[in-house]
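Biologist: I'm new to this one, so could you show me the structure and then take a few questions?

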Amino acid sequence: MSFDSSRGYRSTFGYRTATPYQQPIAHRQGYTETQLTTRQHGAVIVGCSTACAFVTVPIAKLDRFYFLSDVPGESGRIYMSDKRAQFFRVVFHTRWWQGRSVVWLAADYGFLLATFAMLRHWLETATVTAQWNSRRRGFVAGAVTGVLYATMRHPYDVLRATAEALAGPHQFRGAADVLVTALRERPRVLLGVYRGFSVAVLSRSLQFALQFGLYNWMRYDGVYRHSMVLFLYCHLATFLGVMAQYPVHSLRQELRVLNAATRGRPQSYRSLFLDLRRRHGITKLYDGFFRSKPILNAVPMALLMTAYDMCTRRFTEYLHPEATAVPTHTQSFTSVAAPPYVTHPPPYEFVRKTP
């Protein structure tokens, strides 16, 4: 028997290839803070707003496929054998892009994103708010965005509600027709376009404070885990914003219907709220909430915030590769803060005990 240790040894193996070293796949991502100029930031906002506005109307019409699910009242309308024919009928006969104007939606999304981004940047650089944490700045910037959005949107909502009113001496074709008619015949009527503005401000500030505030808080954890987790966080933030805004919106709609049918003294928000609480309870304010399909309607805004976040980070990393951030455990919600490291311990003092 031979005990030669060199026998059977091969210095090289045929299946080994001389390939260059590659970095391992990173399962975690760092959050790169934006370093874009105003023009570059504006280009990102315009692109994301236009893309999301283009898919908003088709996403809102996806509820026509509810017959495929087991939702009570939806799947029972069509027999199982006819669902295949109904599926192709919906796909080919639905006018997917007929509805709200893409230009109007893009302007709406662009105004929200630009206002929130500018307010958040201003709060980061201002002397008074520089010591605030990121979460507080996000909620404040979202609330102020809601106030500015209500200031710009409320006159249009009043004119549109006037045009859609069925009872009236004159039928209008739209909000622009109401404005032109009022300017030509009774200009003083336009002084009431901000009637009910306080309720609109409360509604929009609650909605966008939760929506943008939660996004600004959870974006680090979403990027640290995965882009899909970031989208789910944005969807949750949008859904909670709509949920907080819905009672005010429902109360305003019901008050408008009641006052349109009342010939005497109009009812106020306080009296209507007290009457609903006495007769039906607080939960009456959420009556019909899920019939408005809030989960599906929250998808476009979640896509908008996700696309904006990803585009700003990727554009910054493309222009400034040295600014690419590495993942840190502090991005995650589940990270445990390490105890503070003592750099200057207090001097040890000998205490002399007196006998």
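**Pocket, cavity and a helix pair**

Biologist: Which helix gives the most to the lining of the second largest pocket?
Modeller: This is a predicted model, where local features need pLDDT of at least 70 and side-chain atom pairs 80 or more, while totals for chains, interfaces and linings use all residues. Residues count from 1 along each chain as its sequence is written, and side-chain values use heavy atoms, leaving out hydrogens and water. Eight residues of that lining come from one helix (a DSSP run of H or I, at least four residues, numbered from the N terminus). The top giver is α7.

Biologist: Which helices each supply at least two residues of that pocket's lining?
Modeller: A pocket is an open set of points on a 1 Å grid over the protein atoms alone, with protein on both sides within 12 Å along at least five of seven lines, and lining residues have an atom within 4 Å of a point. The helices that each bring at least two lining residues to the second largest pocket are α1 (38-60), α3 (102-125), α4, α6, α7 (227-261), α9 (294-297) and α10 (299-319).

Biologist: Which residues are the closest to the centre of that pocket?
Modeller: The second largest pocket holds about 1,200 Å³ of space (the volume filled by probe spheres set on the points, joined across faces, edges and corners). It has 36 lining residues, and the closest to its centre are R100, R153, R204, Q207 and N297.

Biologist: What is the volume of the largest cavity?
Modeller: A cavity is a set of grid points where a 1.4 Å probe fits but cannot get out. The structure holds one cavity of 30 Å³ or more. The largest cavity comes out at about 50 Å³.

Biologist: Which element gives the largest share of the largest cavity's lining?
Modeller: A150, R153, H154, D157, A200, R204 and R252 line the largest cavity. Two or more of its lining residues come from each of α4 (134-164) and α6 (197-225). With four residues, the largest share belongs to α4.

Biologist: How does α1 lie to α3: roughly parallel, roughly antiparallel, roughly perpendicular or oblique?
Modeller: The two helices pack with their axes 8 Å apart, at an angle of about 140° (lines fitted to C-alpha atoms over the stretch in contact; angles run from 0 to 180 degrees between N-to-C directions). Under 35 degrees is roughly parallel, over 145 roughly antiparallel, 65 to 115 roughly perpendicular and the rest oblique. Therefore α1 lies to α3 oblique.

Biologist: Which residues of α3 make the contact with α1?
Modeller: Contact means heavy atoms within 4.5 Å. From α1, the residues taking part include H41, I45, F54 and V57. On the α3 side they are V102, L105, A106, Y109, G110, L113, A114 and A117.
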